[in-house]
Amino acid sequence: MNVNVGDILTMKKNHPCGANQFLVLRSGMDFKLRCMGCGHEVMVPRSKAEKNIRHITPGSSGEQ
């Protein structure tokens with residue numbers, strides 16, 4: 001799965017604040033994600049995050 005910094009991930013489960021979209025701040029063995037609803041940042045293992053992704057919206061990383 002190709003996830004880049006700046007992408008917006010729509011997850012299967014909601015964050016406790018009610019939002020289900022997260023901005024990717026860092027990718028590697030872990031993902032550092034920022035909730036688009038409340039701004040809370042979380043580190044999630046890549047394997048767990050990839051299972052919960054419903055949709056990836058490409059970000060403004062500039063690749064064309």
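## A tour from the sheet to the core

Begin by selecting strands β1 and β5, which run antiparallel and are joined by 4 bridges. Keep in mind throughout that the model on the screen is a predicted one. Within this pair, pick out I8, and across from I8 you will find T57 in β5.

Leave β1 selected and add β2, since these two strands also pair in the antiparallel sense, here over 3 bridges. I8 appears again on this side, for its bridge partner in β2 is L23, and T10 can be highlighted together with Q21, the residue of β2 that stands opposite.

**The whole sheet**

Now widen the selection to every strand, and you will see an open sheet of 5 strands whose order is β4-β3-β2-β1-β5, with antiparallel pairing. Strands of a sheet pair through backbone hydrogen bonds, so it may help to show the backbone atoms here. Which strands stand at the edges? They are β4, covering 41–45, and β5, covering 53–57; each has a single partner strand, so one side of each is left without a neighbour in the sheet. If you turn the view to look along the sheet, the twist to look for averages 35° from one strand to the next.

Colouring by secondary structure shows the remaining element as well, because the protein chain has 1 helix in addition to its 5 strands under the DSSP assignment. Followed along the sequence, the elements come in the pattern β-β-β-β-α-β.

**The chain as a whole**

Zoom out until the full chain is in view, where the C-alpha trace spans about 35 × 20 × 20 Å along its principal axes. A compact globule of 64 residues would have a radius of gyration near 11 Å, and the protein chain, with 11 Å, agrees with that value. With a surface displayed, the accessible area comes to about 4,300 Å², and 49% of this area belongs to carbon and sulfur atoms. Buried residues make up 23% of the 64 residues in the chain. Among the contacts with a separation of 6 or more, 34% are between residues 24 or more positions apart.

**Into the core**

Next, select V3, L9, M11, A19, F22, V24, F31, L33, C35, V44, A49 and I53, the 12 residues that make up the largest nonpolar core. Two or more residues of this core come from each of β1 (8–11), β2 (21–27) and β3 (30–35), and β3 gives the most, with 3 residues.

From this set, centre the view on F22, which lies in strand β2. Is F22 buried or exposed? At 6% relative accessibility, F22 counts as buried. Once its neighbours within four places in sequence are set aside, F22 is in contact with D7, I8, L9, M11, H15, L33, R34, C35 and M36. For a sense of scale, draw a distance from F22 to K48: the two are 26 residues apart in sequence, and their C-alpha atoms lie 14 Å apart in space.

A19 is another member of the core to select, and beyond four places in sequence A19 is in contact with N14, C35 and G37.

**The loop between β1 and β2**

H15, one of the residues that F22 contacts, is the next stop, and H15 lies in the loop between β1 and β2. H15 has a relative accessible area of 16%, which is under the 20% limit, and therefore counts as buried. Not counting residues up to four places away in sequence, H15 touches F22, C35, C38 and H40.

N20 is found in the loop between β1 and β2 as well, but N20 is partly exposed, with a relative accessible area of 24%. Show N20 together with T10, and you will see C-alpha atoms 5.7 Å apart in space, although the two residues are 10 apart in sequence. Apart from neighbours within four places, the contacts of N20 are with L9, T10, M11, K13 and N14.

**Last stop: an edge strand**

Finish at V42, which is found in strand β4, one of the strands that stand at the edges of the sheet. V42 is partly exposed, with a relative accessible area of 24%. Beyond four places in sequence, V42 touches F31, K32 and L33. A distance drawn from V42 back to A19 separates their C-alpha atoms by 14 Å, with these positions 23 residues apart along the chain numbering.

Note on methods
Residues are numbered from 1 along each chain as its sequence is written. This is a predicted model: local features need pLDDT of at least 70, side-chain atom pairs count only at pLDDT 80 or more; totals for chains, interfaces and linings use all residues. Side-chain values use heavy atoms; hydrogens and water are left out. A nonpolar core is a set of buried Ala, Val, Leu, Ile, Met, Phe, Trp, Tyr and Cys residues joined through side-chain atoms within 4.5 Å. Buried means under 20% relative accessible area, exposed over 50%, partly exposed in between (1.4 Å probe, protein chains only). Contact means heavy atoms within 4.5 Å. Two strands pair if DSSP finds at least two bridges between them. Axes are lines fitted to C-alpha atoms, for helices over the stretch in contact, and angles run from 0 to 180 degrees between N-to-C directions. The radius of gyration is taken over C-alpha atoms; the globule rule is 2.2 Å times the number of residues to the power 0.38. Accessible areas come from the Shrake-Rupley method with a 1.4 Å probe; for residues, only the protein chains shown count as cover.
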